[in-house]
Amino acid sequence: MIVFCSGSELYCSSIIDCIEEHHKYFAHRVYNDHILTENTNYSVKDYEFLMSGDRNKENTIIVEHTVTSYCVQVYNGIPIRKFGSHTSSHDPELVLLARFLEEVNTKPSVEKYLEQ
């Protein structure tokens, strides 16, 4: 997995370190220096560099709460609610995402499945 944060490395690294203390979940960490466009309302992230080399674009999934962030690679994106945006103390978004990822894992092309 790759984590792509809109914030600076200095700010985001400490938060990601809390999620994965031993650096075992994320193969790469990408920060705000790969944002194509940014203003006060939205940012567009450049995912194209992640979809080169040995990575297969049709099996790359972008999980993001802001659809405009992945508008350049729209058929690779899964929109989710922003974490903590629910009124209850239980945020079901990661559980729903896990179920969806298990389902999409059975498909030959993630990109084509998301396009449909």
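# Briefing: cysteines, cores, a pocket and some loops

There are zero disulfides in this structure. Bear in mind that what you're looking at is a predicted model. The chain has three helices and six strands, and from the N terminus on they run β-α-β-β-β-β-β-α-α. Of the 116 residues in the chain, 29% are buried. As for contacts with a separation of 6 or more, 45% of them come from residues 24 or more positions apart.

**Cysteines**

- With no disulfides to look at, what about exposure? Cys18 has a relative accessible area of 68%, so it lands in the exposed class, where the cut-off is over 50%.
- Cys71 comes in at 43% relative accessible area, so this one is just partly exposed.
- Cys5 turns up in a core of six residues that is separate from the largest one.

**Nonpolar cores**

- In soluble globular proteins, nonpolar side chains tend to be buried together.
- Here, the largest nonpolar core has eight residues in all: Phe4, Val30, Ile35, Tyr47, Leu50, Met51, Ile62 and Tyr70.
- The second core is a separate one of six residues, among them Val3, Cys5, Ile16 and Tyr31.
- Take Tyr70 from the largest core: leaving out residues up to four places away in sequence, Tyr70 touches Tyr47, Ile62, Glu64, Gly77, Ile78 and Pro79.
- Now for the second core, where Ile16 is a member. Ile16 sits in helix H1 and has a relative accessible area of 4%, which is why it counts as buried.
- Which residues does Ile16 touch, not counting those up to four places away in sequence? They are Val3, Cys5, Phe26, Arg29 and Tyr31.
- One of those contacts, Phe26, is ten residues from Ile16 in sequence, with 9.3 Å between the two C-alpha atoms.

**The largest pocket**

- The volume of the largest pocket is about 1800 Å³.
- Its lining takes in 42 residues, and Ile2, Val3, Phe4, Phe26 and Val63 are the ones nearest the centre.
- Which elements give two or more residues to that lining? They are strand S1 (2-4), helix H1 (9-19), strand S4 (43-45), strand S5 (62-64) and helix H2 (93-104).
- H1 gives the most, with five residues.
- By type, the lining splits into 26 nonpolar, ten polar and six charged residues.
- Phe4 links two topics: it lies among the residues nearest the pocket centre and also belongs to the largest nonpolar core.
- Val3 does something similar, being among the residues nearest the pocket centre and a member of the second core.

**Buried residues in loops**

- Gln73 is in the loop between S5 and strand S6 (77-79). Is Gln73 buried or exposed? Its relative accessibility is 2%, so it counts as buried, the limit being under 20%.
- Beyond its neighbours within four places in sequence, Gln73 is in contact with Lys45, Asp46, Tyr47, Glu48, Met51 and Ile62. Tyr47, Met51 and Ile62 also appear in the largest nonpolar core.
- Thr60 is in the loop between S4 and S5. At 17% relative accessibility, Thr60 also falls under the 20% limit and therefore counts as buried.
- Setting aside neighbours within four places in sequence, Thr60 is in contact with Met51, Asn76 and Val110.

**Partly exposed residues in loops**

- Asn32 is in the loop between strand S2 (28-30) and strand S3 (35-38), and is partly exposed at 32% relative accessible area.
- Not counting residues up to four places away in sequence, Asn32 touches Cys5, Ser6, Gly7 and Ser8.
- Asn32 and Ser43 are eleven residues apart along the chain, and their C-alpha atoms are separated by 9.5 Å.
- Pro92 is in the loop between S6 and H2, and its 26% relative accessibility makes it partly exposed.
- From Pro92 to Arg81, eleven residues apart along the chain, the C-alpha separation is 9.6 Å.

**A backbone oddity**

- Most residues other than glycine have a negative phi.
- His23 is not a glycine, but has a positive phi of about 50°.
- You'll find His23 in the loop between H1 and S2, where it counts as partly exposed at 48% relative accessibility.

Conventions: Residues numbered from 1 in each chain as written. Predicted model: local features only at pLDDT ≥ 70, side-chain atom pairs only at ≥ 80, totals over all residues. Heavy atoms only, no water. 1 Å grid on protein atoms, 1.4 Å probe; cavity = no way out; pocket = protein on both sides within 12 Å on 5 of 7 lines; lining within 4 Å. Points joined across faces, edges and corners; volume = space filled by probe spheres on them. Helix = DSSP H or I, 4+ residues; strand = E, 2+ residues; numbered from the N terminus. Nonpolar A, V, L, I, M, F, W, Y, C, P; charged D, E, K, R; others polar. Buried < 20%, exposed > 50% of the residue type's maximum accessible area, 1.4 Å probe, protein only. Contact = heavy atoms within 4.5 Å. Disulfide = S-S within 2.5 Å. Core = buried A, V, L, I, M, F, W, Y, C linked by side-chain atoms within 4.5 Å.
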